[in-house]
Amino acid sequence: MVFEIKKLTPELAEDYFDFFDHRAFSDGSPFFPCYCNAFNLSKERMKKELYQKTEEYGNDFEAWNRALRESAEGMVAAGEIQGYLAYDNGLAIGWCNANERLSYYRTGEFDLRDVPEDEVYTNCSGPGEVKAIVCFEIAPEYRGKGVATQLLARVCEDAKAEGYRYVEAYPVQDGGYMGMAFTGPMRLYEKAGFEETARSGNVCVMRKQLD
């Protein structure tokens, strides 16, 4: 089955939030609510936009959801969150978060109940060398139908056209939190020609050379 893949733009914000609000976690995933913005938030910014706002809004689940969504809305509008949406008959059913590696403060899996420390990434010479993939989310009824494979292929295709030398990803070796890793499984990347270059705990750093 072939899916339509679109690069996220501010004009597609309605599709983005419709996917996360109604389909991404319809199986009761423990990752709900999530709008895939924590990767691009520094520790200090996370405290201000997420934790402090949650307290201001009432410090309950609805307050957390509101703060998280408001932060993501601003980031999508500003082009800070980047990636690709997969569509079936005009409906967004999958997402891949892919961006310049130096735009991310953290990769792999993390627990937002504790503010993660900012990562300092040094494994490249500068911007434009490494495109990174930090998350896949596929609607439950579309899993196992090749959506992630097609999203990954598009990321690599565009990264090469944009002049990147590598695409990098961070799958979790043991399947991730409750076996529901949003980083994508190692086999997904291995089939696409990625090779493991490093490991930190359960997180594997995998790269594909494009040139």
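Helices and strands here are DSSP runs, numbered from the N terminus. With those labels in hand, let's walk through this predicted model.

**Stop 1: a loop near the start**

Select threonine 9. You will find this residue in the loop between strand E1 (4-7) and helix H1 (13-22). Is threonine 9 buried, exposed or partly exposed? Threonine 9 has a relative accessible area of 30%. Buried means under 20% and exposed means over 50%, with partly exposed in between, so threonine 9 is partly exposed. Now add proline 185 to your selection. Threonine 9 and proline 185 are 176 residues apart along the chain, and their C-alpha atoms are separated by 26 Å.

**Stop 2: step back to the whole chain**

Zoom out and colour by secondary structure. The protein chain has 5 helices and 7 strands. Starting from the N terminus, the order to trace is β-α-α-α-β-β-β-α-β-α-β-β. Along the principal axes, the C-alpha atoms fill a box of roughly 50 × 40 × 35 Å.

How does the radius of gyration of the protein chain sit beside that of a compact globule? For 211 residues, a compact globule would have a value near 17 Å, and the protein chain has 16 Å, which agrees.

Switch on the surface next. The accessible surface of the protein chain is about 10,200 Å², and 48% of that belongs to carbon and sulfur atoms. Of the 211 residues, 48% are buried. Contacts tell you about the path of the chain too: among those between residues at least 6 apart in sequence, 71% join residues at least 24 apart.

**Stop 3: a salt bridge starting from strand E1**

Side chains of opposite charge can pair when their charged atoms come close. In the whole structure, a search finds 20 salt bridges.

Select lysine 7 and glutamate 162. These two form a salt bridge, with their closest N and O atoms 3.1 Å apart. The pair links distant parts of the chain: lysine 7 belongs to strand E1, while glutamate 162 sits in the loop between helix H4 (147-161) and strand E5 (166-169), 155 residues apart. Lysine 7 counts as partly exposed at 34% relative accessibility, and glutamate 162 counts as partly exposed at 37%.

**Stop 4: the loop between E3 and E4**

Move on to glutamate 119 and arginine 101. Their side chains meet in a salt bridge at 3.0 Å, N to O. Both residues are in the loop between strand E3 (91-100) and E4, 18 residues apart. Which partner is buried and which is partly exposed? Glutamate 119 counts as partly exposed at 33% relative accessibility, whereas arginine 101 counts as buried at 2%.

Keep this pair selected and add Glu168 and Arg207. Arg101, Glu119, Glu168 and Arg207 are linked in a network of salt bridges.

Now select aspartate 118 and arginine 106. The closest N and O atoms of this salt bridge are 2.9 Å apart. Aspartate 118 and arginine 106 both lie in the loop between E3 and E4, so the pair ties together parts that are 12 residues apart in sequence. Aspartate 118 counts as partly exposed with 33% relative accessibility, and arginine 106 counts as buried with 2%.

**Stop 5: glutamate 137**

Follow the chain into strand E4 (residues 130-138), where glutamate 137 lies. The relative accessible area of glutamate 137 is 8%, so this residue is buried. Show the side chain of arginine 143 as well: the side chain of glutamate 137 makes a polar contact with it at 3.3 Å. Setting aside neighbours within four places in sequence, glutamate 137 is in contact with several residues, including Phe19, Phe25, Ile93 and Trp95.

**Stop 6: a charge without a salt bridge**

For the last stop, select aspartate 88, in strand E2 (residues 83-88). Aspartate 88 is buried yet has no salt bridge. Where is the nearest side chain of opposite charge? That side chain belongs to lysine 145, 8.5 Å away from aspartate 88.

What does the side chain of aspartate 88 make a polar contact with? Display tyrosine 142 to find out: its side chain is the partner, at 2.6 Å. Leaving out neighbours within four places in sequence, aspartate 88 is in contact with Met1, Phe3, Ile93 and Tyr142. Ile93 is also one of the contacts of glutamate 137, so you can select Ile93 to look back towards the previous stop.

Technical notes: Residues are numbered from 1 along each chain as its sequence is written. This is a predicted model: local features need pLDDT of at least 70, side-chain atom pairs count only at pLDDT 80 or more; totals for chains, interfaces and linings use all residues. Side-chain values use heavy atoms; hydrogens and water are left out. Helices (H or I, at least four residues) and strands (E, at least two) are DSSP runs, numbered from the N terminus. Buried means under 20% relative accessible area, exposed over 50%, partly exposed in between (1.4 Å probe, protein chains only). Lys and Arg count as positive and Asp and Glu as negative; His and the chain ends are not counted. A salt bridge is a side-chain nitrogen of Lys or Arg within 4 Å of a carboxyl oxygen of Asp or Glu. A polar contact is a pair of N or O atoms within 3.5 Å; within protein, one must be able to donate a hydrogen and the other to accept it, and residues adjacent in sequence count only if both atoms are side-chain atoms. Contact means heavy atoms within 4.5 Å. The radius of gyration is taken over C-alpha atoms; the globule rule is 2.2 Å times the number of residues to the power 0.38. Accessible areas come from the Shrake-Rupley method with a 1.4 Å probe; for residues, only the protein chains shown count as cover.
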